[in-house]
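The following exercises concern strand pairing, burial and packing in a single protein chain. Each task is followed by a solution that proceeds step by step.

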Amino acid sequence: MQQVAYEYKNLPIPGGGYVTGFLYHRKEKDILYARTDIGGVYRFDARLQEWISLISHVTMRDLSETFPISMALDDEDPAVLYIACGINADRSGVLAISEDHGGHFRYEKIPVMIHGNLNGRGTGERLIVDQRNPRKLYFASQQEGLWVTQDQGKDWQKLTALPEQHLAFAAQIGRALLVSSAGVTNMNRHKNMRGHSLYVSYDDGGHFEELPEPQGSIIEGCRLNGLVAQRCASDGQYLYVTFASTGRRSYVLENGYSCDSGDTIDGRVARYEILADGRIGAYKEITPVTAAKAEGTGSALDFGFSGIDVSMQTPGMVVCTTIVKDDGDSVYRSYDHGESWQQILHDLDQGEITFRAPYMQPECNGGHSLIHWLSDLKINPYDDSEAWFNTGTGVFRTRNLRDKTCRFTDWCDGIEETVHLNVYAMPKGDVQVVDIVGDLGGFAFTDLDKPCANSFADADGNRYITCINADFSDEDPSVLVVTPRGNWTGATKGGLILSRDQGRTFVRLDMPFGLDSALDAALKNIENPNVNSGWVAMSPDCRNIVWSVADGIDLPVGRLIASHDTGVRFSVCKVFLADGAQKTQGDVKVFSDRVDSSIFYAFGDHSDFYVSRDGGTTYHEHPLPEAFPKVHFGLIDCANKTEVRAETGKSGVFYMALGAHGLWKLEYDPDTDAIHTTRLSREGDSVFRMGLGLLSPQSDYYKDRKAVYLNGIIDGGYGFYRTLDEGKTYERLNTDRQMYGEINSIDGDCRVFGRFYLATGSNGLKYGEEVIR
């Protein structure tokens with residue numbers, strides 16, 4: 001097989017996702033790492049002043065490294081990096097070990113469930129290297145207690161003296177081994193109160209005792225009360241610990257102890273004295289703001305505290321952060337060990353904050369700072385004027401932390417940590433590619449190397465979030481219809497949005513209430529924040545729109561509706577089985593014919609195939625040949641592990657990536673109703689995602705055959721491939737260091753031969769181009 005040299009670049013977002021923590025090396029300057037929830041670990045290059053992804057080698061065969069829950073460093077060997085990561089499977093945790101700053105890894109197993117994108121990901125480090133024995137590591141697991149290895153992960157033992165299983169972090173404070181728990185094992189379920197959070201051992205985990213801690217409040221409206229220690233820091237004289245409790249709006253309970261559960265409450269900060277014998281003494285509560293000051297009452301604070309760190313140069317300097325504060329998270333600074341505090345950052349009214357990424361600008365976020373989920377803050381141990389903090393949307397930095405007025409700015413250069421769900425290369429127009437993305441909604445790129453001015457938004461700049469798909473007319477790709485969620489603030493609502501300028505501006509179509517009571521309930525639910533809208537298809541003349549209204553990740557046949565006036569009015573569709581009975585159960589996903597505006601197609605949940613000849617209102621089943629594999633097509637993308645592309649310029653022609661079933665082509669003849677299916681890949685080959693691109697530099701994308709770009713396993717090797725002859729031969733387009741984790745969608749460029757796009761779930765939106773030698 002021919003190997004073609006390719007170069008890959010990101011279409012810059014940048015940032016975009018939840019960075020869950022930072023880790024500086026304590027004894028070597030300029031070593032800083034950041035972990036993310038779905039995008040692996042990054043190393044900061046101090047010379048280039050940008051972040052370097054450490055997951056370029058990760059394939060879809062094992063995505064463990066894209067989901068790190070913790071990092072650890074060896075004090076005596078600055079080149080060593082440990083990462084605890086996993087894919088949420090039983091006893092399948094992974095310990096990734098690098099001895100060259102993350103350039104290469106070897107792997108050991110951790111015999112517990114691990115996943116870096118589960119609730120609790122925002123707390124302190126769970127993995128620590130013993131300060132006296134660098135081959136010994138402790139791991140505070142998410143649900144299975146405390147573990148230790150004496151040989152860098154080859155063998156693990158559970159430390160059964162700790163009475164809790166659901167843990168939040170571990171730390172070594174001199175001779176003390178400190179562990180935070182979520183207080184689940186010993187909770188008082190009758191009173192809905194968590195058990196004790198902080199435990200300490202002075203004999204390497206042989207015995208544990210409860211460390212005194214602030215008493216949590218019983219709060220009306222909270223389904224579960226009780227404080228959980230979030231993070232800690234020590235200056236040698238004192239130990240500082242932040243606490244939070246599960247909030248009223250938290251959508252999980254036992255594991256809802258960090259900001260990523262949607263809400264926290266009853267925040268506290270405590271300072272413990274470190275005694276001469278190395279034991280941890282009594283605490284004093286030093287919370288920067290009290291409920292009485294905030295509200296004039298004795299009630300609990302309506303937010304938690306999480307990030308905390310101390311200066312290694314300026315004695316007494318401590319910095320901490322709030323989490324899930326409704327009016328925006330705050331950063332506080334103290335110069336007297338927490339006896340008094342100054343708020344140095346809040347929204348746009350305290351401190352200074354600038355935004356380099358366009359979508360972060362206040363005008364794109366309701367006139368406010370988008371800072372949220374500020375669960376970690378780290379001070380440079382070699383320069384306490386510099387500090388970093390995380391958010392749910394990238395990382396921020398200050399270089400004048402000690403000044404009266406601190407200046408912060410986003411510094412996500414190199415971080416592309418967004419989940420891209422679909423990608424569409426535009427056949428003509430100024431926009432080169434339309435990007436459908438989780439959380440941030442979508443982008444319409446006119447320049448592949450520059451960030452867009454904003455993500456998809458309403459006329460006031462309020463952004464939509466997590467679009468599922470888009471459709472456009474090949475005849476007039478300026479018209480674009482999209483299925484977004486409404487944002488968390490309620491400033492935008494889910495449903496359908498329509499653009500007539502190729503994604504630069506949008507109007508939201510009126511919700512078609514009144515069709516039936518079940519649909520009304522579904523549509524009302526979609527208007528709530530962060531609810532999937534569904535899947536949409538649009539005819540070439542832009543008049544017929546068919547919408548599969550979502551039920552979570554399903555696209556129920558009973559929620560299929562169609563419009564023949566570009567979304568002004570809708571009616572309920574009818575789908576008929578081959579025997580003439582109406583299909584009332586199951587899911588269907590709809591696609592438009594790329595040439596004939598009267599024809600739409602629906603793919604069902606067991607390879608059932610339907611055709612509409614009246615603009616998408618009525619569908620009739622056309623059984624596929626027996627050789628075609630049985631596949632569930634009726635889920636939203638990402639949940640549905642297939643990719644289906646209709647061919648531009650052809651009527652009734654589809655290419656399909658069907659996972660282990662390989663690459664298929666379906667041809668439907670509208671004149672005769674004849675259906676022909678062909679497997680384009682060999683038996684044993686797997687094809688996970690695919691897209692169509694220009695066949696050659698001289699080709700006409702509308703008239704000629706297409707190149708097929710795909711990722712999968714061809715001849716036993718996973719990678720990115722291209723076929724110019726419908727699967728007879730393949731070219732490999734990447735190396736083992738160009739894998740980029742999870743791939744959710746692929747499309748080929750319609751205007752530039754050799755260029756194709758990768759919508760990753762781990763490393764942003766990328767484009768690949770052949771290296772010209």
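**Exercise 1. Determine which residue of β45 stands opposite V590, and describe the setting of that pair.**

Step 1. In this predicted model, V590 stands opposite A602 in β45.

Step 2. The pair belongs to a ladder of 5 bridges between β44 and strand β45 (residues 600-604), and the two strands run antiparallel.

Step 3. Strand β44 covers residues 588-592, and 5 of its 5 residues are buried. V588, V590 and S592 point one way from the strand, while K589 and F591 point the other way. Burial therefore applies to both directions, given that each of these residues falls under the 20% limit of relative accessible area.

**Exercise 2. Establish how strand β20 is paired and whether its residues are buried or exposed.**

Step 1. Begin with β19 (residues 227-234), which pairs with β20 in the antiparallel sense over 7 bridges. Within this pairing, C232 stands opposite V241 in β20.

Step 2. Examine the connection. β19 and β20 form a hairpin with 3 residues between them. In the turn, G236 has a positive phi of about 90 degrees.

Step 3. Turn to strand β21 (residues 264-274), which pairs with β20 over 8 bridges, again in the antiparallel sense. The bridge partner of F243 in β21 is R268.

Step 4. Assess burial. In β20 (residues 238-246), 9 of the 9 residues are buried, so the strand is largely enclosed by the rest of the structure.

**Exercise 3. Give the strand order of the open sheet of 4 strands that contains β11, and explain why one side of β11 and of β14 has no neighbour in the sheet.**

Step 1. The order is β11-β12-β13-β14, with antiparallel pairing.

Step 2. β11 (127-129) and β14 (157-158) are the edge strands. Each has a single partner strand, so one side of each is left without a neighbour in the sheet.

Step 3. For β11, 3 bridges lead to strand β12 (residues 137-140), and the two run antiparallel. L127 has F139 of β12 as its bridge partner.

**Exercise 4. Describe the surroundings of two loop residues, S369 and R543, and classify each as buried, partly exposed or exposed.**

Step 1. Locate S369: it is found in the loop between β27 (352-354) and β28 (377-379).

Step 2. Classify S369. Its relative accessible area is 12%, so S369 is buried, the limit being under 20%.

Step 3. List its contacts. Leaving aside neighbours within four places in sequence, S369 is in contact with D347, L348, I353 and F355. A polar atom of the S369 side chain also lies 3.2 Å from the backbone nitrogen of I371.

Step 4. Locate R543: it is found in the loop between β39 (534-538) and β40 (545-549). With a relative accessible area of 42%, R543 is partly exposed.

Step 5. List its contacts. Not counting residues up to four places away in sequence, R543 touches S563, H564, D565 and T566. The C-alpha atoms of R543 and S563 are separated by 7.5 Å, although the two residues are 20 apart along the chain. A polar atom of the R543 side chain lies 3.1 Å from the backbone oxygen of H564.

**Exercise 5. Identify the residues with the most contacts inside the largest nonpolar core, and name the strand that contributes the largest share of this core.**

Step 1. The largest nonpolar core has 65 residues, and those with the most contacts inside it are W51, W388, F389 and L710.

Step 2. Strand β52 (residues 686-694) supplies the largest share of this core, 4 residues.

Step 3. A second, separate core has 52 residues, including F600, Y610, F628 and L658.

**Exercise 6. Decide whether the radius of gyration of the chain agrees with that of a compact globule, and summarise the overall fold content.**

Step 1. For 773 residues, a compact globule would have a radius of gyration near 28 Å; the chain has 27 Å, which agrees.

Step 2. Along its principal axes, the C-alpha trace spans about 90 × 55 × 45 Å.

Step 3. The chain contains 2 helices and 58 strands.

Step 4. Buried residues make up 65% of the 773 residues. The accessible surface of the chain comes to about 27200 Å², of which 48% belongs to carbon and sulfur atoms.

Step 5. Among contacts between residues at least 6 apart in sequence, 55% join residues at least 24 apart.

Methods: Residues numbered from 1 in each chain as written. Predicted model: local features only at pLDDT ≥ 70, side-chain atom pairs only at ≥ 80, totals over all residues. Heavy atoms only, no water. Core = buried A, V, L, I, M, F, W, Y, C linked by side-chain atoms within 4.5 Å. Buried < 20%, exposed > 50% of the residue type's maximum accessible area, 1.4 Å probe, protein only. Pairing = 2+ DSSP bridges. Rg over C-alpha atoms; globule rule 2.2 N^0.38 Å. Contact = heavy atoms within 4.5 Å. Areas by Shrake-Rupley, 256 points an atom, 1.4 Å probe, with all protein chains shown as cover. Polar contact = N/O pair within 3.5 Å; in protein donor to acceptor, adjacent residues only side chain to side chain.
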